[in-house]
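Please read the following account with the sequence and the three-dimensional view side by side. It moves from single residues to a pair of packed elements and then to the chain as a whole.

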Amino acid sequence: MKKMIALCLTCLLILLSVPALAEENPRLIRVSGNATVALAADTATLQIGVNTKKLTVQEAQKENAALMNAVLEALHAIGIEDQDIMTSQFNVSSMFDYSVSSFGQEIRTQYYEVQNNVSVTVHDLTLIGQVLDAAMEAGANTSYGITFSSTKQNEAYQKALTRAVEDAMQKANVLAAAAKVQLGELVSMNATQNQYAVNGYGVSNVYAYEAKAMDRGTVITSGDITVSADVTMEYEFH
């Protein structure tokens, strides 16, 4: 009799736990949505630098400082303000130059390299070429690229996010209809943001001087900024 009662209790507990298990492991439809919004760039960030090499660190640093000061003065002269110029990198390193003399002897010469880079923000895109030419003429000899951006990227992301959610919702409805099930509540949702500039350039010192020699200056064109949003959504279905 006791065994029968224990068996009945066990069966009752199993029956009671089935709904709980179903609630803990609901049937879900997971969908993703994506949308992209393009807008015109209105800001550019340039990486401009001065690289000097001398036999002593003092000489390399002195020459680098003089050239960089000249570059900054040239940038100020065309209207670039102090808050739009920021040091992005400053390195001092020792290097060795290996060569062979006429007698076949190996010659090792130690020199020092000083690298000073600044990040320059340009709000008038028509001035990009002028900024590069002025910097190169003043003594800059490296440029590591240009990044275009927009002051309206946040607004564009909000628009892209709304469209991405609509895209995911539409997919969920199509899946449910095709599977002949009914969508339930939205149980989870998350989003990610991606934004990038279509165009970016690296401009060398030689190119800048050749362009000036042909009386046309350095020409840089910008592209649209693409802002995209991705969402993942989960719905219950029954």
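Tyr111 has a relative accessibility of 17% and therefore counts as buried, since the limit for that class is under 20%. The model in which this value was computed is a predicted one. Tyr111 belongs to strand β4, which covers residues 106-122. Once residues up to four places away in sequence are set aside, Tyr111 touches Lys53, Lys54 and Leu55, and also Ser93, Ser94, Met95, Phe96 and Asp97. One of these partners, Lys54, lies 57 residues from Tyr111 along the chain, yet the two C-alpha atoms are separated by 5.5 Å.

A second residue to locate is Glu236, in strand β7 (residues 224-237). Is Glu236 buried or exposed? The answer falls between the two classes: Glu236 has a relative accessibility of 30% and so counts as partly exposed. Not counting residues up to four places away in sequence, Glu236 touches Pro26, Arg27 and Leu28, together with Gln182, Leu183, Gly184, Glu185 and Val187. The C-alpha atoms of Glu236 and Leu186 are separated by 6.6 Å, although these positions lie 50 residues apart in the count along the chain.

The loop between α4 (153-178) and β6 (183-197) holds Lys180. This residue has a phi near 55°, a positive value in a residue other than glycine. Lys180 counts as exposed because its relative accessibility is 74%, and exposure begins over 50%.

Attention may now turn to the helices. Helix α2 spans residues 57-77 and helix α3 residues 128-138. Two packed helices are described by the angle between their axes and the distance between the axes. For α2 and α3, the axes come within 8 Å and cross at roughly 150°. That angle makes α2 roughly antiparallel to α3, because angles over 145 degrees fall in that class. The crossing of α2 and α3 is right-handed.

Which residues make the contact between these helices? From α2 come Leu67, Ala70, Val71, Ala74 and Leu75, while α3 contributes Val131, Ala134, Ala135 and Ala138. By class, the contact of α2 with α3 has nine nonpolar residues, with no polar and no charged ones.

Val71, a residue of helix α2, may be examined in more detail. Its relative accessible area is 0%, so Val71 is buried. Leaving aside neighbours within four places in sequence, Val71 is in contact with Val50, Ala135, Ala138, Gly139 and Ala140. Of these, Ala140 is 69 residues away from Val71 in sequence, and the C-alpha to C-alpha distance of the pair is 6.5 Å.

Gln58 lies in helix α2 as well, but its surroundings are of another kind. Gln58 counts as exposed because its relative accessibility is 56%. The C-alpha atoms of Gln58 and Val114 are separated by 9.8 Å, and the two residues are 56 residues apart along the chain.

The partner helix, α3, is mostly covered: nine of its eleven residues are buried. The buried set consists of Ile128, Gly129, Val131, Leu132, Asp133, Ala134, Ala135, Met136 and Ala138. Val131, Ala134, Ala135 and Ala138 are thus named both among the buried residues of α3 and in its contact with α2. Gly139 follows α3 and has a positive phi, near 135°.

These local views can be placed in the chain as a whole. The protein contains five helices and seven strands. Read from the N terminus on, the elements follow the order α-β-β-α-β-β-α-β-α-β-α-β. Of the contacts in the protein with a separation of 6 or more, 83% are accounted for by residues 24 or more positions apart. The pair of Tyr111 and Lys54, which are in contact and 57 residues apart along the chain, is one example of such a separation.

What share of the 238 residues is buried? Buried residues make up 33% of them. The accessible surface of the protein comes to about 14700 Å², and 55% of that surface belongs to carbon and sulfur atoms.

Technical notes: Residues numbered from 1 in each chain as written. Predicted model: local features only at pLDDT ≥ 70, side-chain atom pairs only at ≥ 80, totals over all residues. Heavy atoms only, no water. Helix = DSSP H or I, 4+ residues; strand = E, 2+ residues; numbered from the N terminus. Buried < 20%, exposed > 50% of the residue type's maximum accessible area, 1.4 Å probe, protein only. Contact = heavy atoms within 4.5 Å. Areas by Shrake-Rupley, 256 points an atom, 1.4 Å probe, with all protein chains shown as cover. Axes fitted to C-alpha atoms, helices over the stretch in contact; angles between N-to-C directions. Parallel < 35°, antiparallel > 145°, perpendicular 65-115°, else oblique. Left-handed = near helix turned anticlockwise from the far one by under 90°. Nonpolar A, V, L, I, M, F, W, Y, C, P; charged D, E, K, R; others polar.
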